[in-house]
Amino acid sequence: MRNVSAIYQRELLSYFYSPIAYVVISVFLVAAGFFFAGNLQIHQQASLKGSLDSTQFFLLLLTPVITMKLFSDESKSGTIETLMTSPVTDFDVVFGKFLAALSLYAVMILPTWIYVLFLTIFGNPDFGPIFSSYIGLMLMGGLFVSVGLLVSSLTKNQVVAAVIGIVSLIILWVIGYLSAYGDGWFYEALKYIGTYDHWSSFTKGIVDTRDVIYYLSFTALLLFITVRNVESRKWR
């Protein structure tokens, strides 16, 4: 794991040496604050459900911006060749980059805990749904990051990587959302593939094993595909 740690530190530091981390975190916190204040004003309940539902969709748009440079920038600059010929495995590179992006994702949502403190001081919130929602946000973040990482490994253009990543995640969200309007095995399959239904369980205070397995298995599958794609560069 020493190589993974080295890649992780390198990538995490690179985020904070560039404006990306500060811009993404600032935009997210402004949006999250807007959603929180609006939800509190409309519903007047000591709950984060409504605001986190909106925040979840906004994360879908921002996460590909975090991941867009992970491979595409190095492919464009040519530094990927140096990295891949160094004494590290393809898995080390992919997993190190994945952990760095997921760490930035966690840093991004961490300040929203101030809303929990606010609700505790001025209300009596139910902490069960709050804690489960944050577990869901992290599991969902792993899936979002793995999608963005795979897309970044397929192109040399950061903007293209961000756009394709956003579109891919929107499709996953829409598939799950639309599945609620039909019956039968086809819609059940769409419900499982899409992210919408899996996320909603966490906001209700339910940490369902099926939802946890969904996020972890799809994340692992996408990371596996990314490793294979990176490995194929050696034969191109």
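**A nonpolar surface patch and an all-helical fold**

On the surface, a nonpolar patch is formed by I114, L117, F118, I121 and F122. Together these residues have about 550 Å² of accessible area. The model described here is predicted. I114 lies in helix α7, which covers residues 113-122. The relative accessible area of I114 is 52%. The cut-off for exposed is over 50%, so I114 counts as exposed. In general, an α-helix has 3.6 residues a turn, so residues three or four places apart point the same way.

The chain as a whole is built from helices. Twelve helices are present, and the number of strands is zero. From the N terminus on, the elements run α-α-α-α-α-α-α-α-α-α-α-α. The chain has 236 residues, and 46% of them count as buried. The chain exposes about 11900 Å². Carbon and sulfur atoms supply 69% of that area. Contacts often bridge long stretches of sequence. Among those between residues at least 6 apart, 76% join residues at least 24 apart.

Helix α8 spans residues 127-152 and has 26 residues. From its first C-alpha to its last, α8 reaches 37 Å. This is close to the 38 Å expected at 1.5 Å a residue. How much of α8 is covered? The helix is mostly covered, with 20 of its 26 residues buried.

The interior was examined next. The largest nonpolar core holds 55 residues. Within this core, Y15, Y105, M108, L137 and Y215 touch the most other members. Several helices contribute at least two residues each, among them α2 (19-43), α3 (49-67), α6 (90-109) and α12 (209-232). Helices α7, α8, α9 and α11 (196-203) also supply at least two each. The largest share, twelve residues, comes from α8. In general, nonpolar side chains in soluble globular proteins tend to be buried together. L137 shows the contacts of one core residue in detail. Not counting residues up to four places away in sequence, L137 touches L52, L59, Y105, I109 and W199. Y105, one of these partners, is also among the core residues that touch the most other members.

L223 belongs to helix α12. Is this residue buried or exposed? The relative accessible area of L223 is 12%. Buried means under 20%, so L223 counts as buried. Leaving aside neighbours within four places in sequence, L223 is in contact with V94, F95, F98, S146 and L149. L223 and F91 are 132 residues apart along the chain, yet their C-alpha atoms are separated by 8.7 Å.

F95, one of the contacts of L223, lies in helix α6. Apart from residues up to four places away in sequence, F95 touches M1, V4 and L223. F95 and M1 are 94 residues apart along the chain. Their C-alpha atoms are separated by 10.0 Å.

A further long-range pair involves V163, in helix α9 (residues 158-178). V163 and M68 are 95 residues apart in sequence. In space, the distance is 8.9 Å, C-alpha to C-alpha. V163 has 46% relative accessibility. Partly exposed covers values from 20% to 50%, so V163 falls in that class.

Charged residues add another set of links. In general, side chains of opposite charge can pair when their charged atoms come close. How many salt bridges does the structure hold? There are five. In one of them, R10 pairs with E11, and the closest N and O atoms are 2.6 Å apart. The two partners differ in cover: R10 is partly exposed at 37% relative accessible area, whereas E11 is buried at 4%.

E11 also forms a salt bridge with K97, where the closest N and O atoms are 2.7 Å apart. This pair links distant parts of the chain. E11 is in helix α1 (residues 2-16), K97 is in helix α6, and 86 residues separate them. Both E11 and K97 are buried. Through shared partners, salt bridges join R10, E11, K69 and K97 into one network.

Another salt bridge is formed by D208 and R210. Their closest N and O atoms are 2.8 Å apart. R210 has a relative accessible area of 59%, which is over 50%, so R210 counts as exposed.

Key. Residues are numbered from 1 along each chain as its sequence is written. This is a predicted model: local features need pLDDT of at least 70, side-chain atom pairs count only at pLDDT 80 or more; totals for chains, interfaces and linings use all residues. Side-chain values use heavy atoms; hydrogens and water are left out. Patches are made of residues with over 30% relative accessible area and no salt bridge: like charges are joined within 9 Å, nonpolar side chains (Val, Leu, Ile, Met, Phe, Trp, Tyr) within 5 Å. Accessible areas come from the Shrake-Rupley method with a 1.4 Å probe; for residues, only the protein chains shown count as cover. A salt bridge is a side-chain nitrogen of Lys or Arg within 4 Å of a carboxyl oxygen of Asp or Glu. Helices (H or I, at least four residues) and strands (E, at least two) are DSSP runs, numbered from the N terminus. Buried means under 20% relative accessible area, exposed over 50%, partly exposed in between (1.4 Å probe, protein chains only). The expected span of a helix is 1.5 Å times one less than its number of residues. Contact means heavy atoms within 4.5 Å. A nonpolar core is a set of buried Ala, Val, Leu, Ile, Met, Phe, Trp, Tyr and Cys residues joined through side-chain atoms within 4.5 Å.
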